[in-house]
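Me: I would like to go through this model by question and answer, with the reasoning set out before each result.

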Amino acid sequence: MKFISTVAVASAVFLEAANGHYIFQKLTANGVQGDAYQNIRTNTNNNSPVTDLADNDLRCNVGGGTGGSTTTVSTAAGSSLTFTADIAVYHQGPVSFYMTPVTSASTADGSTPWFKIKEIGPTFPGGTWDLEQSYNVTIPSCVAAGEYLVRIEQLAIHNPGAAPQFYTSCAQVKVTGGGSKSFSGVSIPGHVKATDAGYTANIYNNFNNYTVPGPAVSTC
Ligand SMILES: *[C@@H]1O[C@H](CO)[C@@H](O)[C@H](O)[C@H]1NC(C)=O
Ligand SMILES: *[C@@H]1O[C@H](CO)[C@@H](O)[C@H](O)[C@H]1NC(C)=O
Ligand SMILES: [Cu+2]
């Protein structure tokens, strides 16, 4: 057992060195996939994760806090957005999507409250993760029209004992149509605590249940 887990960790480290990590850099909206960083804020940390739970870079990745680096796409409430990474996600962990209403998506700093609109946890029995290159989310049909930052978060918890890794990107979106529902939200950073079971989980040991960190998913 001990031997097997050492080999697993060693090969994970090797993969890390061979492939680097991954970064969500393309957005599909209105059925059209944009170029890299079209409607997705640029980042300055290549494909590296953020690991500090108190870091403002958890919002929109390193370099994504100021906006203005890309355009804002208009799309209808109730429509689908897809975030696509440069390579398929290969570190096990949950995927969550958040939105925050903003005055201007191109200048917002992400300090406004974020609500969660989807989460993807593992499937049991087995604890199998949905590791993909693309993940989609539906903008709730009831949200108010207006500008939003829409954020994907993949939390890599593949290496128990080391700090989990946040892979995030923000899309700049102007939602049209919609309803009048406004959801309460949480601050980022602050949405995940160091003591959260879904943050500290050891996915290789007695892994029978899992709660995705952060608030409950908001629904219409
Ligand atoms: C959207 O993602 C879900 C999993 O979260 C998947 O089952 C579904 O096939 C995806 N839809 C499209 C159009 O890719
Ligand atoms: C699994 O469920 C137990 C009992 O409710 C809970 O204490 C634990 O935190 C959960 N583990 C995870 C990883 O969510
Ligand atoms: Cu990695």
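The turns below take up the ligand surroundings, the nonpolar cores, some buried residues and the backbone geometry of a predicted model.

Me: Which residue has a polar side-chain atom 2.3 Å from an oxygen atom of ligand 2?
Reply: The residues around ligand 2 are Ala197, Ala201, Asn209, Tyr210 and Thr211, and they divide into three nonpolar, two polar and no charged. For threonine 211 the atom concerned is a polar backbone atom, 3.1 Å from an oxygen atom of ligand 2. The side-chain atom at 2.3 Å belongs to asparagine 209.

Me: How much of the accessible area of ligand 2 does the protein cover?
Reply: The shell to consider is made up of Ala197, Ala201, Asn209, Tyr210 and Thr211. On its own, ligand 2 has 360 Å² of accessible area, and the part of this covered by the protein is 46%.

Me: What share of the accessible area of ligand 1 is covered by the protein?
Reply: Around ligand 1 are the residues Lys118, Ile120 and Asn136. An N or O atom in the side chain of lysine 118 is 2.9 Å from an oxygen atom of ligand 1, and a polar side-chain atom of asparagine 136 lies 2.4 Å from an oxygen atom of ligand 1. Of the 360 Å² of accessible area that ligand 1 has on its own, the protein covers 29%.

Me: Which residues touch the most other members of the largest nonpolar core?
Reply: This core has 32 residues, and the elements that give two or more residues to it are β1, β4, β5, β6, β7, β8 and β9. A second, separate core of 23 residues includes Phe166, Cys170, Tyr199 and Ile203. Within the largest core, the members that touch the most others are Phe83 and Phe97.

Me: Which residues of the shell around ligand 1 are in contact with phenylalanine 97?
Reply: The shell around ligand 1 consists of Lys118, Ile120 and Asn136. Leaving aside neighbours within four places in sequence, the contacts of phenylalanine 97 include Phe83, Phe115 and Tyr135. Also among the contacts of phenylalanine 97 are Lys118, Ile120 and Asn136.

Me: Is lysine 116 buried or exposed?
Reply: Lysine 116 has its place in strand β6, and its contacts, leaving aside neighbours within four places in sequence, include Phe97, Pro213, Gly214 and Pro215. Because its relative accessible area is 0%, lysine 116 is buried.

Me: Which backbone oxygen does the side chain of lysine 116 reach at 2.8 Å?
Reply: A polar atom of this side chain lies 3.0 Å from the backbone oxygen of proline 215. At 2.8 Å, the side chain of lysine 116 reaches the backbone oxygen of proline 213.

Me: Which residue, 65 residues from valine 89 along the chain, has its C-alpha atom 8.6 Å from that of valine 89?
Reply: Valine 89 is found in the loop between β4 and β5, and at 3% relative accessibility it counts as buried. Leaving aside neighbours within four places in sequence, it is in contact with Tyr22, Phe24, Leu131, Glu132, Gln133, Tyr135 and Gln154. The residue whose C-alpha atom is separated from that of valine 89 by 8.6 Å is glutamine 154.

Me: Where is asparagine 45, and with which side chain does its own side chain make a polar contact?
Reply: Asparagine 45 has its place in the loop between β2 and β3, where it counts as buried because its relative accessibility is 12%. Not counting residues up to four places away in sequence, it touches Val50, Asn61 and Val62. The polar contact, at 2.6 Å, is with the side chain of asparagine 43.

Me: Is asparagine 46 buried or exposed?
Reply: Asparagine 46 is found in the loop between β2 and β3, and it has a positive phi of about 50° although it is not a glycine. Since its relative accessible area is 57%, asparagine 46 is exposed.

Me: What is the phi of asparagine 206?
Reply: Asparagine 206 lies in the segment after α2 and is exposed, with a relative accessible area of 66%. Although it is not a glycine, asparagine 206 has a positive phi of about 55°.

Me: Which residue does a cis peptide bond join to proline 189?
Reply: Proline 189 is found in the loop between β9 and α2. A cis peptide bond also joins phenylalanine 124 and proline 125, and proline 125 is found in the loop between β6 and β7. For proline 189, with omega about 0°, the residue joined to it is isoleucine 188.

Conventions. Residues are numbered from 1 along each chain as its sequence is written. Chains are lettered from A and ligands numbered from 1 in the order in which they are written. This is a predicted model: local features need pLDDT of at least 70, side-chain atom pairs count only at pLDDT 80 or more; totals for chains, interfaces and linings use all residues. Side-chain values use heavy atoms; hydrogens and water are left out. A residue is near a molecule or strand if one of its heavy atoms lies within 4 Å of it. A polar contact is a pair of N or O atoms within 3.5 Å; within protein, one must be able to donate a hydrogen and the other to accept it, and residues adjacent in sequence count only if both atoms are side-chain atoms. Accessible areas come from the Shrake-Rupley method with a 1.4 Å probe; for residues, only the protein chains shown count as cover. Ala, Val, Leu, Ile, Met, Phe, Trp, Tyr, Cys and Pro count as nonpolar, Asp, Glu, Lys and Arg as charged, and the others, Gly among them, as polar. A nonpolar core is a set of buried Ala, Val, Leu, Ile, Met, Phe, Trp, Tyr and Cys residues joined through side-chain atoms within 4.5 Å. Buried means under 20% relative accessible area, exposed over 50%, partly exposed in between (1.4 Å probe, protein chains only). Helices (H or I, at least four residues) and strands (E, at least two) are DSSP runs, numbered from the N terminus. Contact means heavy atoms within 4.5 Å.
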